[in-house]
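User: I would like a close look at one part of this model: its interior. Please explain it in plain terms, and show how the rest of the chain fits around it.

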Amino acid sequence: MTTGARAPFGVYVHVPFCLHRCDYCAFATWDDRSHLIDNYVEGLVQEVRAALGQLPAVTSVFFGGGTPSLLTPDQLRSIVELVPLAPGAEVSVECNPDAVDAERLAGYHAAGVTRVSLGAQSLCTHVLAALGRTHTVESVVRAASAVRAEGFDSWNLDLIYGVVGETLDDWRSTVERALDLEPPHLSAYGLTVEPGTPLAEDPARSPDDDDQADKYVLADSLLGAAGLVSYEISNWSRPGHRCRHNQCYWSQGDYRGFGCAAHSHLDGRRWWNVRTPERYLALLDAGQPVVAAGEHLDAAQRRTERLQLALRTSQGVPSETLDTTGLDDLVERRHERVVLTLAGRLLANEVATRLR
Ligand code: SF4
């Protein structure tokens with residue numbers, strides 16, 4: 001259903017299932033619980049229904065995970081059709097290249113999906129293996145062409161750079177091959193080592209900061225030359241293809257998360273659901289709240305967070321909020337705002353310490 005448009009409001013739906021656990025992943029997802037998917041979707045429907053009275057017109061919905069493309073189109077539809085969508089709302093779903101084909105994509109489109117995000121990560125076979133991914137370069141190419149053929153409003157390719165064994169030429173080849181697939185939006189993330197992952201247990205596989213910086217600069221140059229503009233540190237898009245859901249996060253907007261481990265934010269109050277799907281389902285069964293904990297941000301914390309998020313975007317921050325002394329190469333003034341340069345994007349955390 002759709003209702004009249006209001007301020008941006010996002011809905012996030014967490015799908016905590018994967019067919020295989022990638023070496024670097026610390027997300028709340030499990031590769032041995034596919035048998036729970038049907039019950040979990042029923043749980044999501046129950047949780048969304050119970051929250052309907054609290055949802056304003058929703059401008060974006062994001063199915064993330066995990067691997068949301070393990071849901072059938074009917075399962076996805078059972079959730080989307082409950083959400084009070086604003087006219088023209090964006091509905092995104094993260095897809096594993098192995099888990100989608102033309103039929104599934106057509107089903108998602110018919111269920112209301114407007115935007116697909118393909119987790120390609122690399123277009124080099126040995127880099128995919130080094131990341132512990134099980135899909136192939138061919139499956140990315142096949143999935144991308146199926147997404148293009150289905151005619152979604154927009155779509156994204158996710159890439160990861162910096163795994164040990166990936167040369168600068170490998171990365172150049174990945175970005176060039178990604179551009180050949182003509183995505184209107186591309187996200188590129190430096191590989192990070194998360195505690196508790198197989199990657200963290202092997203220091204020899206830790207990414208190198210200088211290598212990642214070189215790859216970031218190369219990506220920005222290749223993507224810029226192809227007409228994709230940086231609008232957040234890790235995100236580039238063609239005009240009209242920015243991800244509205246992420247923009248809601250970056251502008252400190254309100255959003256409601258559904259499913260285990262999902263986070264919500266409403267006017268400075270943040271809360272999150274219990275982490276495992278079993279606990280989530282047990283609490284729903286018992287008629288108990290699924291919230292694990294929450295926190296209240298005071299005005300000063302909210303301001304700091306708002307500026308930190310804005311600094312990472314092409315919008316930048318009001319010039320009076322940043323001490324720019326000695327930061328000449330890292331920031332530039334645009335009217336009354338200060339925006340990170342390319343060099344500044346590489347050192348964004350350091351620049352953020354100068355916010356005032
Ligand atoms: S497919 Fe994505 S969510 Fe699943 S284990 Fe791999 S990185 Fe994590």
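Analyst: **The buried interior**

Of the 356 residues in the protein, 41% are buried. Buried means that 20 or more other C-beta atoms lie within 10 Å of the residue's own, exposed means 12 or fewer, and partly exposed is in between, with C-beta atoms placed from the backbone. The model is predicted: local features need pLDDT of at least 70, side-chain atom pairs count only at pLDDT 80 or more, and totals for chains, interfaces and linings use all residues. Residue numbers start from 1 along each chain as its sequence is written.

In soluble globular proteins, nonpolar side chains tend to be buried together. Here a nonpolar core is a set of buried Ala, Val, Leu, Ile, Met, Phe, Trp, Tyr and Cys residues joined through C-beta atoms within 7 Å. The largest such core has 74 residues, and V13, V61 and L118 touch the most other members. Strand β3 (residues 85-95) gives the most to this core, with six residues. Helices (H or I, at least four residues) and strands (E, at least two) are DSSP runs, numbered from the N terminus.

V61 shows what such a position looks like. Leaving out residues up to four places away in sequence, V61 touches V11, V13, V80, V83, A89 and V91. Two residues are in contact if their C-beta atoms, placed from the backbone, lie within 7 Å. Across the protein, among contacts between residues at least 6 apart in sequence, 70% join residues at least 24 apart.

Apart from the largest core lies another core, of nine residues, including A310, V317, L322 and V331. V317 also stands opposite V338 in β15. Two bridges join β13 to β15 (residues 337-340), and these strands run antiparallel. Strands count as paired if DSSP finds at least two bridges between them. The open sheet here has three strands in the order β13-β15-β14, with antiparallel pairing. Its edge strands, each pairing on one side only, are β13 (317-318) and β14 (331-334).

Burial can also be read in the loops. A261 has a positive phi of about 65° although it is not a glycine, and its place is in the loop between β9 (254-258) and β10 (263-266). A261 counts as buried because 20 other C-beta atoms lie within 10 Å. E182, also not a glycine, has a positive phi of about 60°; its loop runs between α6 (168-180) and β6 (185-190). E182 has 13 C-beta neighbours inside 10 Å, so it counts as partly exposed.

As for the whole, the secondary structure comes to twelve helices and 15 strands. The C-alpha atoms fill a box of roughly 55 × 50 × 40 Å along the principal axes. The radius of gyration is 20 Å, which agrees with the value near 21 Å for a compact globule of 356 residues. This radius is taken over C-alpha atoms, and the globule rule is 2.2 Å times the number of residues to the power 0.38.
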